[in-house]
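Got the viewer open? Let's walk through this one selection by selection, starting from the inside.

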Amino acid sequence: MATIHRLGLLAPEFPPQIGGMSQLAYGLAKALADLTHVTVYTTPDNGLAEAPFAQISRLSRCPGVDAGWLNAESIDAWLLLNAGLTPLAKSLDKPVYVYMHGNDFLEPWIPCGPPWLERIRRPYAAVIRQSLRRKRRSAEVVSELVGLLS
């Protein structure tokens, strides 16, 4: 197994944003920075003035937009800290690990698009998830998600 010297963390939820996932992302980045070089990629409205790791506040939350410039980054492996970023795994050219936490697994949602489109699309996403829950077993859903990463 190859050693990971440069780890890229994609963290749409990150301080100064308040919340459990942003605090978990910060703690994880800080702990991993003791082991290897870590760069946190977050959205333009997030990021800290000082941190024991590098930060790039350019993540758009739109996987199709981010894939091109992320592949140009000097990273050995990616850690995606939101299940909604899973589709990005197919577009990245380095190994990808996806961290799913709590509701993130049940309801992955990364907004992508103009606000008017998101207001229309979000209610339909909930209906689709409900029908999937009724018709498919959890094991099938997990198997499909794992298949996206291989």
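Start with the largest nonpolar core, which has 15 residues. Select L10, L70, W78 and L80 to begin with, since these are the ones with the most contacts inside it. A nonpolar core here is a set of buried Ala, Val, Leu, Ile, Met, Phe, Trp, Tyr and Cys residues joined through side-chain atoms within 4.5 Å. Buried means under 20% relative accessible area, exposed over 50%, and partly exposed in between, with a 1.4 Å probe and protein chains only. Now colour by element: helix 2 (63–71), strand 4 (77–80) and strand 5 each give two or more residues to this core. Helix 2 gives the most, with three residues. Helices (H or I, at least four residues) and strands (E, at least two) are DSSP runs, numbered from the N terminus.

Before going on, a word on what you're looking at. This is a predicted model, in which local features need pLDDT of at least 70 and side-chain atom pairs count only at pLDDT 80 or more, while totals for chains, interfaces and linings use all residues. Residues are numbered from 1 along each chain as its sequence is written, and side-chain values use heavy atoms, with hydrogens and water left out.

Stay in the core and centre on W78. What does W78 touch? Leaving out residues up to four places away in sequence, the list is L7, G8, L10, Y41, L70, E73, L92, K94, P95, V96 and Y97; contact means heavy atoms within 4.5 Å. Apart from this core lies another, of 14 residues, including A11, F14, A25 and V40. As background, nonpolar side chains in soluble globular proteins tend to be buried together.

Zoom out to the cartoon. You should count five helices and five strands, and from the N terminus on they run β-α-β-β-α-β-β-α-α-α. Of the 150 residues, 35% count as buried. Among contacts between residues at least 6 apart in sequence, 52% join residues at least 24 apart.

Next, show the strands alone. In what order do the five strands sit in the sheet? They form an open sheet in the order 3-2-1-4-5, with parallel pairing; two strands pair if DSSP finds at least two bridges between them. Strand 3 (54–57) and strand 5 (96–98) stand at the edges with a single partner strand each, so one side of each has no neighbour in the sheet. The twist averages 20° from one strand to the next, taking axes as lines fitted to C-alpha atoms (for helices over the stretch in contact) and angles from 0 to 180 degrees between N-to-C directions.

Pick strand 1 (residues 6–10) and strand 2: five bridges join the two, which run parallel. At L10, look across to Y41 in strand 2, which stands opposite.

Now travel along strand 2 (residues 37–42). Five of its six residues are buried. H37 lies in this strand and is partly exposed, with a relative accessible area of 43%. Beyond residues up to four places away in sequence, H37 touches H5, R6, L7 and A54. Draw a distance from H37 to I4: their C-alpha atoms are separated by 8.7 Å, with their positions 33 residues apart along the chain.

Move on to T42, also in strand 2. Buried or exposed? T42 is buried, at 0% relative accessibility. With residues up to four places away left out, T42 touches A11, P12, F14, G47, I56, S57, R58 and L59.

Time for the aromatics. The structure holds five aromatic pairs. Rings of Phe, Tyr and Trp (its six-membered ring) pair if their centres lie within 6.5 Å; planes under 30 degrees apart count as stacked, over 60 as edge-to-face and the rest as tilted. Select Y41 and W69: this pair is tilted, 5.9 Å centre to centre with 50° between the planes. It links strand 2 to helix 2, 28 residues apart. Y41 is buried at 1%, and W69 is buried at 12%. Then select F14, Y26 and F53, which form one aromatic cluster.

Last stop: R6 and D76. The side chains of R6 and D76 meet in a salt bridge (2.8 Å, N to O), and the structure holds one such bridge. The cut-off is a side-chain nitrogen of Lys or Arg within 4 Å of a carboxyl oxygen of Asp or Glu. R6 lies in strand 1 and D76 in the loop between helix 2 and strand 4, so the pair ties together parts that are 70 residues apart in sequence. R6 counts as partly exposed, at 32% relative accessibility.
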